[in-house]
Every structure is written in structure tokens, then in C-alpha cells.
Amino acid sequence: MSRLVIFSNRVPADGPPSGGLVVALQSTMDNRGGLWIGTEPGDEEPPDTLIPRPGETFDRLTMPLSRAEHEDYYLGYANSVLWPMLHGRVDLLDVSSGQRATYEAVNRRLAKLARPHLRDTDILWIHDYHLIPLAAALRELGVTNPIGFFLHTPFPDAGSVQALSHSDSFLRWFAAYDLVGLQTSRDVARFLDAFRSAGAAQLISGRCIRWQDEIIRVGSFPIGIDADGFRDMAEDAIRTQTPPLSSHRLMIGVDRLDYTKGIPNRLRGFQTYLRDHPAEEDRIAFVQIAPPTREDVGAYMDVRRELEQLSGEVNGEFSDIGYVPVQYIHRAVARSAISGLLRRADIALITPLNDGMNLVAKEFVAAQDPEDPGVLVLSKFAGAAEQLEGGAVLINPHDPASVADGIRKAARMPVGERRQRHEQMYDILRQSNGDWWADSYLRALEASAVIRISNLASLGQGSLGPMTSPLTAFPGKL
Ligand code: ADP
């Protein structure tokens with residue numbers, strides 16, 4: 001088996017994983033070994049070298065970033081330009097000069113430092129929006145290995161892509177990959193449409209496009225979790241956790257405090273529910289866990305203030321002796337404790353305005369007691385909705401009335417219907433778990449790379465150039 005080399009912004013430390021990307025990839029790396037390369041914040045003038053980090057099951061190398069690089073590459077271009085753009089929030093774009101140049105320079109530096117550590121037979125898998133230009137930088141250095149990319153966020157509509165003043169270079173970054181992996185078929189459709197809107201695109205198949213003499217292959221690979229493992233952790237957790245004192249039904253939200261997660265609207269939806277359901281027996285206690293993230297970016301401070309104000313407002317309006325409607329916890333909570341809370345919850349309220357997948361939705365389903373499962377109230381704009389629409393109560397997160405209606409449906413759902421919906425969702429989680437996700441992506445990557453290499457051989461080229469596709473060209477434009 002070829003060695004797998006993962007690239008992502010951060011390299012996980014040993015111990016329990018946190019964050020969607022690491023949760024999904026760590027078990028693949030624990031099982032098959034390999035090398036994981038990433039960056040880490042460093043000093044004013046960090047060494048220009050990769051530093052080995054200790055790890056038991058696979059090797060790790062990190063490139064320390066200077067303070068200026070951390071500011072312009074990570075906080076700046078990645079999180080103040082690409083992150084909002086990828087989530088369709090072009091109103092939040094902050095395109096201060098110099099950030100994009102640093103973003104590309106960091107990717108080039110990582111390629112240069114990683115190059116001597118790569119073997120000819122390695123398979124390279126690059127993750128997420130921090131490192132989109134990395135394959136192009138590696139190709140420039142003569143790397144001909146299979147290189148895949150997986151985007152953990154949504155892919156935006158064509159209009160959002162065009163809001164980047166260099167949208168053609170952004171699209172071109174994807175052309176250096178053998179395969180671009182996205183979370184849902186909706187993302188694939190938007191990806192193809194972004195190229196069509198940029199002009200000179202020709203659809204070769206539903207997963208392959210010719211654009212400005214480049215062939216770009218794409219597919220949807222919904223990221224999965226180890227459902228049985230998470231269920232076991234949740235069962236253990238409730239055995240050891242102190243149960244909450246509240247006699248009310250428990251509703252839970254678990255997110256990084258990010259403006260894409262729709263938490264303020266979620267509270268407005270709960271407020272609408274409480275206004276419409278004043279009876280004591282309809283009361284629900286809502287626990288929202290939202291640890292801080294990217295606090296140096298202005299838009300994150302704004303959402304924090306808004307949330308604090310709203311939770312105070314809802315509690316002021318509806319608190320009673322023995323009843324506090326909203327408990328807002330602004331810190332990270334251990335993964336096992338989260339699993340226990342998810343298991344205890346009668347309802348999960350997961351209402352992102354836009355989300356690549358949302359693993360918490362899957363973790364909630366995995367954690368439930370199949371005999372008496374809770375109900376998942378889920379935004380139709382979470383990637384998870386594409387797989388879980390048959391079992392979840394889908395809502396429009398922009399409309400507090402729709403959120404309130406979802407809570408009401410969940411609170412009144414009979415146990416028979418809850419069991420049937422849960423069983424359907426749990427089956428899907430088991431079929432498409434984290435190992436399935438990584439295996440199916442890597443199989444497709446290897447097949448794509450074979451096509452590229454056979455094209456190179458037939459053209460007698462030593463490096464990547466314009467390719468002819470063995471597939472029949474689709475007549476006309478998309
Ligand atoms: P994102 O990747 O955008 O943060 P996901 O829902 O896809 O969102 O993944 C988040 C992961 O981080 C999940 O595995 C979840 O259990 C974990 N997580 C989310 N919130 C917290 C928290 N408050 N404390 C600890 N872990 C969390």
C-alpha cells in the first residue's frame with residue numbers, strides 16, 4: 001500500500017481529537033500510518049524548516065509560521081476572505097492588501113519544505129481552504145504523485161466566487177489536483193457552475209469539466225463518523241456523569257462560536273417557541289455550548305456580543321422559579337462530556353446558515369438510545385441534511401418561525417415515529433462512516449491519477465500540461 005501523506009493547516013497532537021477535520025482523519029491515519037504535514041504559529045523569525053512532532057501511529061511534521069504569516073495567511077486571507085466567501089457571506093469579505101500574496105507564499109514555502117520528505121510512490125491528500133494552492137506549488141517543483149483535495153466547507157455559488165477580485169486564479173488552483181472532493185452533490189453542482197460562469201467551460205461528465213484547457217475532476221464524498229464508537233462513548237458517559245437537576249425537557253446546541261452556525265437566529269426561534277407555548281408542560285431547557293474560536297477576527301467578536309445579549313434577553317423574559325430557559329456555555333467541553341449531553345438531550349437544535357457537513361448532527365444521532373431517541377432539528381443548509389433529510393426535522397434557519405415550528409414538532413413527536421426516524425438515520429451513518437469516507441475518496445483519487453498519468457505518457461510529457469480526456473466530450477457548454 002502506498003504511503004498516505006496528509007496536509008492540513010494544523011497537525012493533531014496525540015490524544016482525543018477535536019474539530020471536524022481531525023476527528024474524521026485521525027482514525028484513518030491511526031489505522032494505516034503515514035505522514036501528516038501542517039503549520040503551527042511560531043515566533044517573529046521561525047526556522048525555515050519542518051519540525052518533527054512526536055506521535056505514535058503516524059509521523060508528523062510542522063512548519064512554524066512567523067507572526068506576520070499567521071496574521072495575513074491564517075487570520076487574514078484564510079479566515080477573513082476565504083471562509084466568509086465559501087459560506088456565501090461576501091458582505092464580510094476583508095480584502096486588505098498583501099494578504100493573498102502571503103497566503104500564496106505560505107503555500108509555496110510549505111511545498112518547498114515538504115518536497116524533500118516526499119517519496120515517488122506517496123499519495124498526497126490536501127485538506128481545506130487554507131491550502132488550496134498547495135498542489136499547484138508542488139507541481140511547479142516537479143511533483144507528479146497523485147494529489148487530492150478535500151474541501152470541508154461548502155462550495156459557494158458562482159456569484160460569491162466572482163466577489164474575489166482574482167476569481168480566475170482561485171478556480172485555477174483546483175486544476176492542479178487529480179480529484180477535488182466536496183461534501184455534497186449540491187456543492188458539486190455549485191463547483192461546476194462556478195467554472196461555467198467563469199466562461200470557456202465544457203462539461204465532460206457530471207464529475208469532470210474542461211475549463212481553459214484544464215481538466216478538473218470533482219465528486220461528492222460526505223464525511224462520516226464512527227457511529228458505533230460515538231454511541232459507546234455516550235453510553236459510558238451517562239454512566240459516569242452527574243445527571244442535570246432540571247426536570248424539563250433538554251434541548252442542546254453544540255458549535256464553535258461562528259457566525260455561520262446561525263446561533264443568534266436559533267435563540268430567536270426558541271424565543272418565538274416560548275412566546276407561542278407559555279404552558280408549564282411545554283417548557284424546554286436549552287443548553288448551548290459554544291466555545292470561542294478565531295477571536296482575533298472582528299466578525300467573531302460581533303456574534304459573541306449578539307449571543308450574550310440575546311441569551312440574557314430570553315432568560316429575562318421567560319425565567320421562573322426553577323426554570324432558566326437558556327444556559328449558554330462559552331468554553332470547550334470534553335468530547336466524552338458532550339457525547340453524554342447529546343445522549344441525554346430530547347432535541348438537538350442545529351441551525352447553521354451554511355455548513356459543509358456538521359458532524360455534531362451526526363454525533364447526536366449516533367449518541368441516542370434507540371429505544372427512546374431524541375429528535376434532530378436540522379437546518380436544510382447543513383451538508384448533513386442531504387443524507388439525513390428522511391429522519392431529521394428540517395427547518396429554515398433564517399426564519400425564527402420555522403425554527404420554532406421545528407422545536408414544536410420535535411417536542412410532540414410520538415416515540416414510534418422517533419424510533420423509526422432514528423433507525424433510518426443510524427443506518428445511513430453506519431453505511432457511510434469515517435473509514436468509508438476516506439477509503440472511497442482515496443480509491444477515486446487513485447483512479448483519477450491513473451487517467452492523468454496515462455494521458456501524460458501518451459503525450460510524452462514529463463510534467464503536467466494540458467490534458468486530453470479519454471472521456472467523450474459533452475457537446476456544448478454547461
Ligand atoms: P466545524 O468543523 O465547523 O467546527 P462540525 O460540527 O463539523 O463543525 O465539527 C465539530 C467537531 O468539534 C465535532 O466533532 C464536535 O463534537 C466538536 N465540538 C464542537 N463544539 C465543541 C465544544 N464546544 N467542545 C468540544 N468539542 C466540540
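This report describes the surroundings of the ligand in a predicted model, followed by the packing of one helix that contributes to them.

## The shell around the ligand

In this predicted model, the ligand is surrounded by 17 residues, of which the closest are R256, K261, P291, L359 and E363. By residue class, the shell divides into nine nonpolar, three polar and five charged residues.

Three helices, α1 (20-32), α11 (335-344) and α12 (359-367), each supply at least two residues of this shell. The largest share comes from α12, which provides three residues.

## Polar contacts and coverage

Among the polar contacts with oxygen atoms of the ligand, one comes from a side chain: a polar side-chain atom of R256 lies 2.7 Å from a ligand oxygen. Backbone atoms take part as well, since a backbone N or O atom of L359 is placed 2.9 Å from an oxygen atom of the ligand, and a backbone N or O atom of V360 is placed 3.3 Å from an oxygen atom of the ligand. The ligand has 570 Å² of accessible area on its own, and the protein covers 87% of that area.

## Packing of α11

Helix α11, which supplies at least two residues of the shell, has I338, S339, G340, L342 and R343 as its buried residues. These buried residues pack against α8 (227-240), β11 (249-254) and α12; the last of these elements, α12, is also the helix that gives the largest share of the shell around the ligand.

Terms used
Residues are numbered from 1 along each chain as its sequence is written. This is a predicted model: local features need pLDDT of at least 70, side-chain atom pairs count only at pLDDT 80 or more; totals for chains, interfaces and linings use all residues. Side-chain values use heavy atoms; hydrogens and water are left out. A residue is near a molecule or strand if one of its heavy atoms lies within 4 Å of it. A polar contact is a pair of N or O atoms within 3.5 Å; within protein, one must be able to donate a hydrogen and the other to accept it, and residues adjacent in sequence count only if both atoms are side-chain atoms. Accessible areas come from the Shrake-Rupley method with a 1.4 Å probe; for residues, only the protein chains shown count as cover. Helices (H or I, at least four residues) and strands (E, at least two) are DSSP runs, numbered from the N terminus. Ala, Val, Leu, Ile, Met, Phe, Trp, Tyr, Cys and Pro count as nonpolar, Asp, Glu, Lys and Arg as charged, and the others, Gly among them, as polar. Buried means under 20% relative accessible area, exposed over 50%, partly exposed in between (1.4 Å probe, protein chains only). Contact means heavy atoms within 4.5 Å.
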